[in-house]
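Thank you all for coming. I would like to walk you through a structure that may be new to most of you, so please keep the sequence and the picture in view while I talk.

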Amino acid sequence: MNKKLSRRAFMKGGTLSLLGVLGIASSRHSSGAANTAPPHQAGHSGHDVMPGTVGEVDHEKNGFNPSDILTDFDYGKVSTLENGQTLREYFIAAYNRTIEVVPGIEYPAWTYNGRIPGPTIRCTEGDRVRIHFSNGSAHGHTIHFHGIHSAEMDGVPGAGPGVIEPGETFTYEFDAEPFGLHLYHCHAFPLARHIAKGLYGAFIIDPKEGRPPVDRELVMVMNGFDVDFDDQNDFYAANTIPFHYDKHPIRIKVGETIRLYLVNILEFDLINSFHLHANFFNYYSTGTSLVPSEYTDIIMQTQAQRGILEFSYKYPGLYMFHAHNTEFAELGWTGNFEVVEEM
Ligand SMILES: [Cu+2]
């Protein structure tokens with residue numbers, strides 16, 4: 001079956017309308033199946049309605065809230081080694097957790113520390129990074145960090161400790177380099193399934209001298225969920241919950257300087273993208289240079305690609321950001337900045 005057909009068929013007649021709790025409004029662009037709105041949309045023209053979901057997931061039960069994940073940086077437990085090097089220790093456990101992805105649809109996820117994405121690991125170039133990993137899940141997992149390190153610390157099957165089996169622990173350790181925006185994820189096989197289930201997170205290495213100061217720093221990990229396990233995503237998001245920042249806009253002030261760490265970990269689809277409305281941003285691809293690689297209003301990233309966006313808003317108002325793969329946007333990967341004169 002063709003990818004789009006099956007995905008739309010799912011929206012039209014699958015779990016969503018059977019559950020009857022979720023409203024995906026018909027899109028203004030699509031034709032065919034997507035225009036067949038769920039029953040509760042009957043009588044609505046659909047042409048002036050943004051796609052979305054009805055209601056709210058239970059963030060407390062999920063154990064994390066995408067609004068908090070934006071600014072939740074884990075700097076680890078800090079101490080100093082005999083050689084004067086800063087040691088940062090992190091504690092990461094893999095365990096299974098049921099996540100309510102959209103209201104009424106639960107997904108049996110695999111998580112690092114009970115959240116998706118896992119903790120945003122943050123350190124400074126040259127720090128010693130020590131990751132105490134324990135596997136409390138029913139499957140073997142690893143943590144594969146992007147960055148420069150020995151083969152033994154690469155977190156892949158067949159190297160060093162290989163796959164860490166349920167109940168086992170391993171300590172990954174390396175020096176933080178190069179500075180930039182990176183990521184980590186499980187590298188057990190089948191890889192697509194281990195990633196799609198939720199085992200990933202952002203990994204920031206700040207330059208020794210730091211980046212120029214900004215008013216606010218945010219993290220978004222672009223992801224998606226294949227809730228019917230057909231190796232195709234049914235929902236898309238930044239920081240896991242579809243439409244979250246649409247319902248809960250990110251408030252910023254006019255003129256405030258924003259630095260956004262953006263990682264794409266989306267499984268099953270080749271490309272993801274980020275488009276900012278009514279504005280342009282400086283883009284630092286992989287964050288490995290302090291000189292922007294581009295000044296634009298859209299970037300695209302394949303899986304594991306990442307970069308840093310810097311911008312500020314000139315005028316107050318509500319401004320969208322979303323994947324410019326519009327199908328992804330209509331299936332959840334869209335949000336808003338609410339730009340105000342005064343907080
Ligand atoms: Cu895994």
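The mean pLDDT of the chain is 89, and 86% of its residues reach 70 or more, and I should say at once that what you see is a predicted model. Over residues 8–45, however, the pLDDT is below 50, although this stretch has 62 contacts in the model beyond near neighbours in sequence.

Let me turn to the overall make-up. The chain has 343 residues, of which 42% count as buried, and it holds seven helices and 21 strands. If we take the contacts in the chain with a separation of 6 or more, 69% of them come from residues 24 or more positions apart.

I would like to begin the closer view with strand S9, which covers residues 180–185. Why can we call S9 largely enclosed by the rest of the structure? Six of its six residues are buried, so the strand has the rest of the structure around it for the most part. Gly180, His182 and Tyr184 point one way from S9, while Leu181, Leu183 and His185 point the other way, and all of these are buried.

S9 also has partner strands. With strand S7, residues 144–145, S9 pairs in the antiparallel sense over two bridges, and here Phe145 stands opposite Tyr184. With strand S10, residues 200–206, the pairing of S9 is again antiparallel and runs over six bridges; Gly180 has Ile205 of S10 as its bridge partner.

Following the chain onward from S9, we come to the loop that leads to helix H5, residues 191–196, and in that loop we find His187. Is His187 buried or exposed? It counts as buried, because 21 C-beta neighbours lie inside 10 Å, and the cut-off for that class is 20 or more. Leaving aside neighbours within four places in sequence, His187 is in contact with Thr142, His144, Gly155 and Val156. His187 and Gly140 are 47 residues apart in sequence, yet their C-alpha atoms are 9.9 Å apart in space.

Now to the nonpolar core. In soluble globular proteins, nonpolar side chains tend to be buried together. The largest nonpolar core in this model has 78 residues, and those with the most contacts inside it are Val221, Tyr261 and Val263. Where does this core lie with respect to domain 2 and domain 3? Both domain 2, residues 59–206, and domain 3, residues 216–340, give residues to it, so the core lies between them. Tyr261 is a useful residue to look at here: not counting residues up to four places away in sequence, Tyr261 touches Leu181, Ala202, Ile204, Leu218, Val219 and Ile308.

Next come two open sheets. One has six strands, in the order S12-S11-S14-S19-S16-S17, and its pairing is mixed. Strand S12 (235–238) and strand S17 (294–296) stand at its edges, each with a single partner strand, so one side of each is left without a neighbour in the sheet. Neighbouring strands of this six-strand sheet are turned by 25° against each other on average, direction ignored.

Within that sheet, strand S11, residues 216–225, runs antiparallel to S12 and is joined to it by four bridges, with Met222 bridged to Ala238. Towards the other edge, strand S16, residues 281–285, pairs with S17 in the antiparallel sense over three bridges, and Tyr283 has Glu294 of S17 as its bridge partner. S16 also pairs in the antiparallel sense with strand S19, residues 306–311, over four bridges, and there Tyr284 stands opposite Ile308, a residue that we have already met in contact with Tyr261.

The other sheet has five strands in the order S13-S21-S20-S15-S18, and its pairing is mixed too. Its edge strands are S13 (250–253) and S18 (298–302), each of which pairs on one side only. Strand S15, residues 271–276, and S18 run antiparallel and are joined by five bridges, one of which pairs Phe274 with Ile299.

Let me finish with Leu270, which is found in the loop between strand S14 (258–264) and S15. Leu270 is exposed, because 9 other C-beta atoms lie within 10 Å, and the cut-off for that class is 12 or fewer. Leu270 and Gln301 are 31 residues apart in sequence and 8.7 Å apart in space, from C-alpha to C-alpha.

Terms used
Residues numbered from 1 in each chain as written. Predicted model: local features only at pLDDT ≥ 70, side-chain atom pairs only at ≥ 80, totals over all residues. Pairing = 2+ DSSP bridges. pLDDT = per-residue confidence, 0-100. Contact = placed C-beta atoms within 7 Å. Core = buried A, V, L, I, M, F, W, Y, C linked by C-beta atoms within 7 Å. Domains from an automatic or database assignment. Axes fitted to C-alpha atoms, helices over the stretch in contact; angles between N-to-C directions.
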